[in-house]
Amino acid sequence: MKPALQGLFPDELRDVCTGAGFPAFRAKQLWQWLQGRHALSWDAMANLPRAFRDALDAGWTPAPLRPLREAGDPGGTRKWLLGLDDGESIETVLIPARDRKTVCVSTQVGCKMACAFCASGKGGWVRNLGAGEIVAQVHHVAALSGGRPNNVVFMGMGEPFDNYDAVLRAVRLLNHPGGLAIGARKITLSTSGLVPGIRRLATEGLQVELSVSLHAPDPERRRRLMPVEGRWPMDELLAACREYTAVTKRIVTFEYTLVRGFNDSADDAAQLAARLRGFPCRVNAIPLSPVAEFDGEAPSRETCHAFLDALLRHGIEGTLRESKGKGVSAACGQLRRGSMRENPPSTIMPSSGA
Ligand code: SF4
C-alpha cells in the first residue's frame, strides 16, 4: 500500500520531490493541488508534467480513497462509504448547518473499544489510518460539497487516541495556514476515555476541543456500555479531565447517550452533576440512535429535556444533540456494517472511480 501524499507537510513534500530529482517548486505546486484545491487523483493535477507524476507515483498516492456508496440528500447530512487501497472501507459524514459545514472523519478501520451501542465496535479493529487517509477524507467532502468545511470532528469510526500520532499529524495538517487552515478551535478530538491520550494532548499546546464519552453516571453502568471503563476507570478519567482543563484552560465536553430506563432519570442527572462539579465542562446529551446490535431505545423528548433541566439545577450545563444521521445510517459505523453484511469487503466495489 502506498502512503498518501495528503499526509505530508510542505518541507516533507519538498524532500520527496527533490529526492526524486525534481526542483523544489514542484513541491509547492503539488501542495497547492493537494491541500488547496482538494485534488484526489494525478489526472486532476493538470499542470504537473507526466514524468513527475509517474516518478512520485512509484512510492506515493494522491488517491487514498474512492467513494463506494453514498447516503443522505444533497442539501442535508451526507455520508460516504469510502474504499481504501487495501480493500477496507471507512465512513465520512458531512453535517451542514445554516452557517457552517462540519465533517466527521474516521481514524481507524473498525475499533477496539467495543462500545455496546456502536456498529463500528461490533466488527472489531482492522487497522489504523494514516494521517493522509484522515486528511483526504476532509478534501473528499470539500471536493464533493463545493468547498472547504469550517469544522472537523474526529468522531467517526475508531478511537482517535488509539492512533495518536497519525491523528495529531492530521490535526496539524488540517490546521496548516497554507492548506485547509481549519482553526484549532474548530477541530474536536473525541475519545472513549483513553487517559494517556488526554494527558498527552494537554502537553501539545493546541487549542483543539476535547470531547469525552461518559454515557453513564456511575462506573458500574458505564462498564456495561463501555468496556474501556475496565481499563481506565471513571475516577481516573475524570481526574485526567480535571488536569486537562487546569493545564489548557479549555472546557471539556462530555458525551452522554441517553438510553430509555437505563441512564435517563433526574436522579441519574443529579449523580452525573455531582461527579462533574468543580471544573469547566458541559454535557452533550444524545438520544440513542438505534443499532441492530444493541437492545435499547431512545427516551422521549420530554424525558431528555427533564434530564437536562435536572442537570442544570445541579449546576452543570447541557445541550441536547439529535443524532443528525438517523435517516442515513450516520450513527458511527452503521453504513459500513450494513455494507459488510450485504457484501463482504472484497466484493463491495461499485467504485465511481474518483
Ligand atoms: S463509539 Fe467510538 S470508541 Fe466506541 S466502539 Fe464506536 S468507534 Fe470505537
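Trainee: Hi! Can we start with Gly130: which residues does Gly130 touch, not counting residues up to four places away in sequence?

Mentor: Sure. If you skip the residues up to four places away in sequence, Gly130 touches Pro3, Ala4, Gly7 and Ala166. Keep in mind that this is a predicted model.

Trainee: Where does Gly130 sit along the chain?

Mentor: Look in the loop that runs between strand S6 (125–128) and helix H5 (131–144), and you will find Gly130 there.

Trainee: And is Gly130 buried or exposed?

Mentor: Gly130 is buried, because 20 other C-beta atoms lie within 10 Å. The cut-off for buried is 20 or more.

Trainee: How far is Gly130 from Arg231?

Mentor: Along the chain the two are 101 residues apart, and their C-alpha atoms are separated by 26 Å.

Trainee: Next up, Gln6. Where is that one?

Mentor: Gln6 belongs to the segment before helix H1 (10–19). Gln6 counts as buried because it has 31 C-beta neighbours inside 10 Å.

Trainee: What does Gln6 touch, not counting residues up to four places away in sequence?

Mentor: With those left out, Gln6 touches Leu34, Gly132, Val135, Ala136 and His139. For a longer view, take Asp235: Gln6 and Asp235 are 229 residues apart in sequence, and C-alpha to C-alpha they are 39 Å apart in space.

Trainee: Let's zoom out. How is the protein chain divided into domains?

Mentor: There is domain 1 (1–63) and there is domain 2 (66–347). Taken over C-alpha atoms, the centres of domain 1 and domain 2 are 32 Å apart.

Trainee: How many residues does each domain put into the contact?

Mentor: Domain 1 provides 16 residues and domain 2 provides 19 residues. On the side of domain 1 that touches domain 2, helix H2 (residues 24–36) gives the most, with three residues.

Trainee: What classes do the residues on that side of domain 1 divide into?

Mentor: On the side of domain 1 that touches domain 2, nine residues are nonpolar, six are polar and one is charged.

Trainee: How many helices and strands does the protein chain have?

Mentor: The protein chain has 13 helices and 12 strands.

Trainee: What about the overall shape? What box do the C-alpha atoms fill?

Mentor: Along the principal axes, the C-alpha atoms of the protein chain fill a box of roughly 70 × 45 × 40 Å. The radius of gyration of the protein chain is 21 Å, which agrees with the value near 20 Å for a compact globule with 354 residues. Also, 47% of the 354 residues count as buried.

Trainee: Now the inside. How many residues are in the largest nonpolar core?

Mentor: The largest nonpolar core has 97 residues, and Ala170, Leu174 and Leu258 have the most contacts inside it. Helix H6 (residues 164–175) gives the most to this core, with seven residues. This core also draws at least three residues from each of domain 1 (1–63) and domain 2 (66–347).

Trainee: You named Leu174. What does Leu174 touch, not counting residues up to four places away in sequence?

Mentor: With that rule, Leu174 touches Val135, Val138, Val152, Leu180, Ile182 and Ile187. You met Val135 before: Gln6 touches Val135 too.

Trainee: Different topic: the ligand. Which residues come nearest?

Mentor: There are 12 residues around the ligand, and Cys111, Met113, Cys115, Cys118 and Gly121 come nearest. By class, the shell around the ligand has seven nonpolar, four polar and one charged residues.

Trainee: I was looking at Ala114 as well. What is its phi?

Mentor: Ala114 has a positive phi of about 55°, although it is not a glycine. Ala114 lies in the loop between strand S5 (108–110) and helix H4 (119–122). With 16 C-beta neighbours inside 10 Å, Ala114 counts as partly exposed.

Trainee: And what is the phi of Ala181?

Mentor: Ala181, a residue other than glycine, has a positive phi near 55°. Ala181 is in the loop between H6 and strand S8 (187–191), and Ala181 is partly exposed, with 13 other C-beta atoms within 10 Å.

Trainee: Last one: where is Val259?

Mentor: Val259 is in the loop between strand S10 (252–258) and helix H11 (266–276). Val259 counts as buried because it has 22 C-beta neighbours inside 10 Å. Leaving aside neighbours within four places in sequence, Val259 is in contact with Asp264, Leu288 and Gly296.

Methods. Residues are numbered from 1 along each chain as its sequence is written. This is a predicted model: local features need pLDDT of at least 70, side-chain atom pairs count only at pLDDT 80 or more; totals for chains, interfaces and linings use all residues. Domain bounds come from an automatic or database domain assignment. Two residues are in contact if their C-beta atoms, placed from the backbone, lie within 7 Å. Helices (H or I, at least four residues) and strands (E, at least two) are DSSP runs, numbered from the N terminus. Ala, Val, Leu, Ile, Met, Phe, Trp, Tyr, Cys and Pro count as nonpolar, Asp, Glu, Lys and Arg as charged, and the others, Gly among them, as polar. A residue is near a molecule or strand if its C-beta atom, placed from the backbone, lies within 6 Å of it. A nonpolar core is a set of buried Ala, Val, Leu, Ile, Met, Phe, Trp, Tyr and Cys residues joined through C-beta atoms within 7 Å. A residue is buried if 20 or more other C-beta atoms lie within 10 Å of its own, exposed if 12 or fewer, and partly exposed in between; C-beta atoms are placed from the backbone. The radius of gyration is taken over C-alpha atoms; the globule rule is 2.2 Å times the number of residues to the power 0.38.
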